[in-house]
Amino acid sequence: MFLKLIKTREFISGAHCEVWEINPISGDRLLAKVFVLNEHLPLELIYRLTVSWRGVCIQGRYCAWQWEESVEEVFVTQYLTAAQASHEEIRIEICRPKPDLPGYPDVNYHPDDFPIVLLDD
């Protein structure tokens, strides 16, 4: 299972984030919205995620996410616990949203018809 923690708004103390499940077969879906303090927010990489009796843990470290809805917290932890019980590996990517640019990220920065400029000295 692959998840994304997308930082939607950043503040001095932390960031509002969205937790998305990335599934190429059934489509991506938003699982929850959370607030994460800076001391609990890891670098923007991909990490192993587990669920313990305390809650969601990234690399074995408790996340202390502040959930917008308590129902979402229960649903997401039960969903992830079921995936973990089936011995499915859960990974989460900490990232920023994709910029709203046409063609991003499929922009060819080296097109074949790019003009070649020769300078004479």
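How many aromatic pairs does the count come to in this predicted model? The count comes to 2 aromatic pairs, and one of them opens the close-ups below.

**View 1. Phenylalanine 75 and tyrosine 79 form a stacked pair.** The ring centres of phenylalanine 75 and tyrosine 79 are 5.8 Å apart and the planes sit at 10°, so this pair counts as stacked. A pair of aromatic rings is described by just those two things, the distance of the centres and the angle of the planes. Both residues belong to helix H1 (residues 70-85), where being 4 residues apart separates them by about one helical turn. As for the solvent, phenylalanine 75 is partly exposed, at 38% relative accessible area. Tyrosine 79 is partly exposed too, at 26%.

**View 2. Tyrosine 79 has an arginine over its face.** Stay with tyrosine 79 and look for arginine 29, which lies over the face of the ring, 5.0 Å from the ring centre. The side chain of tyrosine 79 also has a polar contact, at 2.9 Å, with the side chain of glutamate 21.

**View 3. Glutamate 21 sits in strand S2.** Strand S2 covers residues 14-22. Is glutamate 21 buried or exposed? Its relative accessibility is 8%, below the 20% cut-off, so glutamate 21 counts as buried. Leaving out neighbours within four places in sequence, glutamate 21 is in contact with Met1, Phe2, Leu3, Gly27, Asp28, Arg29, Leu31 and Tyr79. Arg29 and Tyr79 on that list are the arginine and the ring from View 2.

**View 4. Arginine 54 meets the ring of tyrosine 62.** Here is another charge over a ring: the charged end of arginine 54 sits 4.2 Å from the centre of the tyrosine 62 ring.

**View 5. Cysteine 95 is a buried residue of strand S8.** Cysteine 95 has a relative accessible area of 9%, which makes it buried. Which residues does cysteine 95 touch, not counting those up to four places away in sequence? They are Lys4, Leu5, Ile6, Lys7 and Glu44. Leucine 45 is 50 residues from cysteine 95 in sequence, yet their C-alpha atoms are 7.3 Å apart in space. Across the protein, 54% of the contacts between residues at least 6 apart in sequence join residues at least 24 apart.

**View 6. Cysteine 95 helps line the largest pocket.** The lining has 11 residues, and Lys4, Ile6, Cys95, Arg96 and Lys98 lie nearest the pocket centre. Strand S1 (2-10), S2 and strand S8 (91-95) each give two or more residues to this lining. The space inside is about 190 Å³.

**View 7. Alanine 64 and histidine 87 have positive phi values.** Most residues other than glycine have a negative phi, so these two are worth a look. Alanine 64 has a phi near 55° and lies in the loop between strand S6 (61-62) and strand S7 (66-67). Histidine 87, with a phi of about 65°, is in the loop between H1 and S8. Histidine 87 is exposed, with 74% relative accessible area.

**View 8. The whole protein has 1 helix and 8 strands.** Zooming out, the elements follow the pattern β-β-β-β-β-β-β-α-β along the sequence. Of the 121 residues, 31% count as buried. Glutamate 21 and cysteine 95 are among the buried ones.

Definitions and conventions. Residues numbered from 1 in each chain as written. Predicted model: local features only at pLDDT ≥ 70, side-chain atom pairs only at ≥ 80, totals over all residues. Heavy atoms only, no water. Phe/Tyr/Trp six-rings, centres within 6.5 Å; stacked < 30°, edge-to-face > 60°. Buried < 20%, exposed > 50% of the residue type's maximum accessible area, 1.4 Å probe, protein only. Lys NZ or Arg CZ within 6 Å of the ring centre and 35° of its normal. Polar contact = N/O pair within 3.5 Å; in protein donor to acceptor, adjacent residues only side chain to side chain. Contact = heavy atoms within 4.5 Å. 1 Å grid on protein atoms, 1.4 Å probe; cavity = no way out; pocket = protein on both sides within 12 Å on 5 of 7 lines; lining within 4 Å. Points joined across faces, edges and corners; volume = space filled by probe spheres on them.
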